[in-house]
Amino acid sequence: YNPINEGYEDANIFLKTNLGEYVLKIFLTERSQDTINDYVKIILESTKLGIKTTKLIEGVAGHLGYAGNAKYIITEFFSGQNFQQITPSLEDMYAGLKYLTKL
């Protein structure tokens, strides 16, 4: 496991297992239950609409897990380019807007 330093909210930890590569996202305790539920719903709806996103892993109690007062999700890890080192092109921005309009 290794922390993922990209991002600005929550704790994201890369997990490499014999079954695959995953990301454990532990939500800030300040996040409301409604906000977390909306986050999960957006990922699930994005998948249904064909928007490229991470795949949520479902556990025994659903997609959202609990450890004490901490809430978390696990997703499949995906590697690819991001816009930290490069500026998005107009084509990239158009693709992003196209996905947003589907939501």
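Let's start on the surface of this predicted model, where five side chains make up a nonpolar patch: Ile 42, Leu 49, Leu 97, Leu 100 and Leu 103. Taken together, these residues offer about 490 Å² of accessible area.

One member of the patch deserves a second look. Where does Leu 103 lie relative to α2? Leu 103 sits in the segment after that helix, which itself spans 90–102. And is Leu 103 buried or exposed? Its relative accessibility comes to 52%, and because the cut-off for exposed is over 50%, Leu 103 counts as exposed.

Now step back to the fold as a whole. The chain holds five strands and two helices. If you trace it along the sequence, you meet the elements in the order β-β-β-α-β-β-α. How much of the contact network links residues far along the sequence from each other? Counting contacts with a separation of 6 or more, 39% are between residues 24 or more positions apart.

As for overall dimensions, a box of roughly 45 × 30 × 30 Å, taken along the principal axes, is filled by the C-alpha atoms. The chain has 103 residues, and 20% of them count as buried. Seen from outside, the chain exposes about 8000 Å², with carbon and sulfur atoms supplying 56% of that area.

That leaves the charges. The chain carries 10 positive and 12 negative ones. How far apart are the mean positions of these two sets? The separation is 5 Å.

Definitions and conventions. Residues numbered from 1 in each chain as written. Predicted model: local features only at pLDDT ≥ 70, side-chain atom pairs only at ≥ 80, totals over all residues. Heavy atoms only, no water. Patch = residues over 30% accessible without salt bridge, like charges linked within 9 Å, V, L, I, M, F, W, Y side chains within 5 Å. Areas by Shrake-Rupley, 256 points an atom, 1.4 Å probe, with all protein chains shown as cover. Salt bridge = Lys/Arg side-chain N within 4 Å of Asp/Glu carboxyl O. Helix = DSSP H or I, 4+ residues; strand = E, 2+ residues; numbered from the N terminus. Buried < 20%, exposed > 50% of the residue type's maximum accessible area, 1.4 Å probe, protein only. Contact = heavy atoms within 4.5 Å. Lys, Arg positive; Asp, Glu negative; His and termini not counted. Charge placed at Lys NZ, Arg CZ, Asp CG, Glu CD.
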